[in-house]
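Please examine the fold and the ligand surroundings of the protein shown here. The account below proceeds from the whole chain to individual residues.

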Amino acid sequence: MAKKKKKKKVLGKNLPEKFLERTEIIVGKSKFEMVRKTFVDKPTTFRVNTLKSSIEEVQRLLAEKGFKVKQVPWLKGAYILQNRSKRELTTADFYLEGKIYVQSLASMVPPLVLDPQPGEKVLDLTAAPGSKTSQMAGMMQKKGELVANDLNKVRFFRLKANMELLGVDIPADDWEFSLRMEDGSALAQEYPEYFDKVLLDVPCSGEARFIEGYPKSYGYWSEKKIKNLEYRQHKILMAGWSALAPGGYLVYSTCTMAPEENEMRISKLLERVGEHAKVVEVKVSGLKTLSPIMHWRERDLHPDVAKTLRILPTMEVEGFYTAKIQKLA
Ligand SMILES: C[S@@+](CC[C@H](N)C(=O)[O-])C[C@H]1O[C@@H](n2cnc3c(N)ncnc32)[C@H](O)[C@@H]1O
């Protein structure tokens with residue numbers, strides 16, 4: 001019998017109506033039109049990989065090859081490309097040698113907020129392709145212990161290749177780096193209350209990466225998809241929490257606007273762990289923000305959710321969400 005052909009979903013050309021409706025509620029009527037215009041391709045942004053180079057060397061190489069850049073005001077060694085294409089940058093020798101790493105600006109925020117230090121024990125539970133793992137290895141100056149994990153095989157091998165290119169996995173004194181390909185909950189069980197810092201950059205509906213007129217970026221979006229992600233995110237959050245040592249810090253982040261994946265996840269964690277958690281107020285000077293959502297779908301959220309960070313999407317920065325929580329001893 002002939003196999004029935006699977007019907008291919010026809011992707012709508014415009015951003016989904018329901019998504020726009022929700023966005024208007026989330027950002028407020030006054031900012032909605034401005035935010036709507038930000039669903040475009042962002043400029044190419046990158047940071048210096050201090051494990052292989054220095055700010056001085058990269059600035060010299062950029063100038064020699066005629067690349068003009070603008071310094072990101074809130075992060076030293078991070079730049080916005082001004083005069084050339086991404087392709088030109090990613091074919092330059094210094095890119096191919098791993099001296100710089102192309103990364104969206106908002107994606108650089110969670111490591112900045114977690115602030116891993118040399119000598120600490122750090123877990124990146126959902127790490128591939130390793131943008132934040134490599135940023136954190138640089139911040140730790142390759143001193144201490146860093147475990148980078150990702151469940152997805154294809155993405156895991158991209159993570160591995162990136163860690164090789166960027167010099168994260170080259171052995172060094174006092175540096176213990178391990179790559180793992182496990183479900184986050186299983187991995188966390190091996191490390192009960194072990195890490196000083198835990199990064200949970202969880203899988204999400206990616207709304208902040210939607211590009212108007214590019215249906216592949218949003219054609220599969222639905223509220224049902226958000227619902228399905230909530231449980232996965234909750235499990236990863238509880239796993240990361242269990243691997244965090246008393247006194248340690250956890251950062252949770254997503255690249256989506258959906259409150260179900262952001263404030264509601266943190267609110268639920270706070271309800272679960274009660275007085276054992278302290279939300280640390282997150283502020284990045286120079287970064288534009290929105291007020292966190294405190295009420296969604298007939299529910300009031302935990303008052304400490306107000307201390308978390310919702311980044312305002314602009315023409316240069318995506319709308320990320322970041323929360324920092326300390327496990328009290
Ligand atoms: C937003 S991406 C991480 C991006 C990464 N932090 C970076 O900056 O390069 C989320 C990752 O979580 C992984 N993931 C999803 N469910 C997981 C699970 N249960 N355990 C471990 N990793 C998981 C996905 O494969 C995906 O690579």
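The following paragraphs treat overall form, sheets, a helix, single residues and the ligand shell in turn.

The structure is a predicted model. The protein comprises 11 helices and 15 strands. For 329 residues, the rule for a compact globule gives a radius of gyration near 20 Å, and the protein agrees with this because its own radius is 20 Å. The C-alpha trace extends about 60 × 50 × 50 Å along its principal axes. Of the 329 residues, 42% count as buried. Contacts reach across the sequence: among those between residues at least 6 apart, 77% join residues at least 24 apart.

The sheets may be considered next. Strands of a sheet pair through backbone hydrogen bonds, either parallel or antiparallel. One open sheet contains four strands in the order β2-β3-β1-β4, with antiparallel pairing. Its edges are formed by β2 (69-71) and β4 (100-102), each of which pairs on one side only. From one strand to the next, the twist averages 30 degrees. Within this sheet, β1 (residues 45-48) and β4 are joined by three bridges in the antiparallel sense. Valine 48 has isoleucine 100 of β4 as its bridge partner.

A parallel pairing is found elsewhere in the chain. Strand β8 (residues 195-201) pairs with β9 in the parallel sense, and six bridges connect them. Valine 198 is bridged to leucine 250 in β9. Strand β9 itself, residues 244-254, is mostly covered, with eight of its 11 residues buried.

Strand β9 also contributes to the surroundings of helix α11. In this helix, residues 263-273, the buried positions are Glu263, Met264, Arg265, Ile266, Ser267, Leu269 and Leu270. The elements that cover these buried residues include α10, β9, β10 (277-280), β12 (295-296) and β15 (321-327). After α11 comes glycine 274, with a positive phi near 55 degrees.

Leucine 301 offers a view of α11 from a loop. This residue lies between β13 and β14 (309-311). It is classed as buried because 22 other C-beta atoms lie within 10 Å, the threshold being 20 or more. Leaving aside residues up to four places away in sequence, leucine 301 touches Glu263, Met264, Ser267, Met294, His295 and Trp296. For leucine 301 and serine 267, a sequence separation of 34 residues corresponds to a C-alpha to C-alpha distance of 5.7 Å.

Leucine 62 provides another buried position, this one in helix α3 (residues 55-64). Its environment holds 21 other C-beta atoms within 10 Å, and leucine 62 is therefore buried. Residues up to four places away in sequence not being counted, leucine 62 touches Phe67 and Val69. The C-alpha atoms of leucine 62 and proline 292 are separated by 38 Å, and the two residues are 230 apart along the chain.

Several backbone features deserve separate attention. Which residues does the cis peptide bond join? The bond links alanine 128 and proline 129, with omega at about 5 degrees. Proline 129 is in the loop between β5 (121-124) and α7. Glutamate 193, although not a glycine, has a positive phi of about 45 degrees. This residue is located in the loop between α9 (184-190) and β8. With 13 other C-beta atoms within 10 Å, glutamate 193 is partly exposed. Arginine 297 is likewise not a glycine and has a positive phi, here about 50 degrees. Its loop runs between β12 and β13 (299-300). Arginine 297 is exposed, since 7 other C-beta atoms lie within 10 Å and the class extends to 12 or fewer.

The ligand shell completes the description. Which residues come nearest to the ligand? Of the 19 residues around it, these are Thr126, Ser131, Asn152, Gly184 and Asp201. Two or more residues of the shell come from each of α7 (131-139) and α10 (223-242). By residue class, the shell divides into six nonpolar, seven polar and six charged residues. Helix α10 thus belongs to two parts of this account, as it contributes to the ligand shell and is also among the elements that cover the buried residues of α11.

Definitions and conventions: Residues are numbered from 1 along each chain as its sequence is written. This is a predicted model: local features need pLDDT of at least 70, side-chain atom pairs count only at pLDDT 80 or more; totals for chains, interfaces and linings use all residues. Two strands pair if DSSP finds at least two bridges between them. Axes are lines fitted to C-alpha atoms, for helices over the stretch in contact, and angles run from 0 to 180 degrees between N-to-C directions. A residue is near a molecule or strand if its C-beta atom, placed from the backbone, lies within 6 Å of it. Ala, Val, Leu, Ile, Met, Phe, Trp, Tyr, Cys and Pro count as nonpolar, Asp, Glu, Lys and Arg as charged, and the others, Gly among them, as polar. The radius of gyration is taken over C-alpha atoms; the globule rule is 2.2 Å times the number of residues to the power 0.38. Two residues are in contact if their C-beta atoms, placed from the backbone, lie within 7 Å.
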